[in-house]
Amino acid sequence: MKEKKDNIFKIEKIESDFQFNKEVANIFDDMLNRSIPFYRQVIEAIGEILEKALPQNPVIYDLGCSTGNTLIYLASVLKDKKPELIGIDNSKDMVEKAKEKAKAYNKEIEFIVSDIESIEFKQADAIIMNYTLQFIRPLKRPEIIKKNYKSLKEKGIFILSEKVILEHPELNRDFLEIYYNFKKKQGYSELEIAKKREALENVLIPFTIKENIGLLKNAGFSYSTTFFQWINFASFVAVK
Ligand SMILES: C[S@@+](CC[C@H](N)C(=O)[O-])C[C@H]1O[C@@H](n2cnc3c(N)ncnc32)[C@H](O)[C@@H]1O
């Protein structure tokens, strides 16, 4: 499917905080590819981890699935395991896009419009939450991670990817600059980068790697570690 280009922050002024609305859903794949370092490689690594760790007929959730990229990819690489794939997102526009794409790629995936905070899951073999926990209010995060833990079967796998901050202010500033340079290389102008940063200010609240590992430990996971980090982005895997 042809990707539409992200021009959202080329406009003169920001009307409001960042939202996952129709305008964003329409260009979201381009935004993901140009804003999240190693976006595709992380999805591929998840495919490999789950291919090795999961039994036949696994139930796999993707929370904050957006336009469905991860599940569409997993439907291909895990097809011999015959997985049941379920994507949850509270943006109707994102879920519509995800359904459209799954149909175009001929993949059987259930996409549900719902809030992660209120939905009840069935017992799952794996739960993925990529770049979504950072949008949940910090006070709510422990509860969400505990709910995920409870919804996993014994030895179930939880995958988490997040933008992260450092405890070291100078290094943190340097890392942010490196990240903005990455965005410039992806074709975003300084103005676009500054506007998006402003729009995300109160919406995306990153934790440190230690805080994220702490959330996983406190929820009860028997083991958790990072499997990927590039500057201020990290992915974690935890085992029940
Ligand atoms: C950065 S995107 C996630 C990207 C996606 N996981 C991927 O890897 O392609 C964050 C998504 O989380 C969704 N979201 C944010 N808060 C949510 C909530 N409380 N319940 C359900 N979805 C939520 C947004 O609508 C958005 O689609």
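User: How do helix α2 (residues 39-53) and α3 pack?

Analyst: In this predicted model, the two helices sit at an angle of about 45 degrees, and their axes are 10 Å apart.

User: Why are α2 and α3 called oblique to each other?

Analyst: Set the angle of about 45 degrees against the cut-offs: under 35 degrees would be roughly parallel, and 65 to 115 roughly perpendicular. The pair fits neither class, so α2 and α3 count as oblique. Their crossing is right-handed.

User: What makes the contact between them?

Analyst: From α2 come I43, I46, G47, L50 and E51, while α3 brings N69, T70, Y73, L74 and V77. Sorted by class, that is six nonpolar, three polar and one charged. Gly counts as polar here, so G47 goes with the polar ones.

User: Which other job does α3 (69-77) have, around the ligand?

Analyst: α3 is one of the elements that supply at least two residues of the ligand's shell, and β2 (84-89) is another. The shell holds 20 residues, with F20, G64, N90, S91 and I116 the closest. Split by class, the shell has nine nonpolar, eight polar and three charged residues.

User: On to another pair: why are α5 and α8 described as oblique too?

Analyst: The axes of α5 (residues 141-151) and α8 (residues 209-219) cross at roughly 50 degrees and come within 9 Å. Roughly parallel needs an angle under 35 degrees and roughly perpendicular needs 65 to 115, so α5 and α8 end up oblique. α5 passes α8 in a right-handed crossing.

User: Which residues of α5 and α8 meet?

Analyst: R141, P142, I145, K146 and Y149 are the α5 side, and L215, L216, N218 and A219 are the α8 side. The contact has six nonpolar, one polar and two charged residues. Asn isn't on the nonpolar or charged list, so N218 is the polar one.

User: How do α1 (residues 22-35) and α4 (residues 92-104) cross?

Analyst: Their axes cross at roughly 40 degrees and come within 8 Å, and α1 passes α4 in a right-handed crossing. K22, A25 and F28 of α1 meet D93, M94 and K97 of α4.

User: What makes up that contact, by class?

Analyst: Three nonpolar, no polar and three charged residues. Lys and Asp count as charged, so K22, D93 and K97 go in that class. Ala, Phe and Met count as nonpolar, so A25, F28 and M94 go there.

User: Stepping back, how many helices and strands does the protein have?

Analyst: Eight helices and seven strands.

User: And why is the protein called as compact as a globular one of that length?

Analyst: Its radius of gyration is 17 Å, and the globule rule gives 18 Å for 240 residues. Those values are close, so the description holds. Along the principal axes, the C-alpha atoms fill a box of roughly 50 × 45 × 30 Å.

Definitions and conventions
Residues numbered from 1 in each chain as written. Predicted model: local features only at pLDDT ≥ 70, side-chain atom pairs only at ≥ 80, totals over all residues. Near = placed C-beta within 6 Å. Helix = DSSP H or I, 4+ residues; strand = E, 2+ residues; numbered from the N terminus. Axes fitted to C-alpha atoms, helices over the stretch in contact; angles between N-to-C directions. Parallel < 35°, antiparallel > 145°, perpendicular 65-115°, else oblique. Left-handed = near helix turned anticlockwise from the far one by under 90°. Contact = placed C-beta atoms within 7 Å. Rg over C-alpha atoms; globule rule 2.2 N^0.38 Å.
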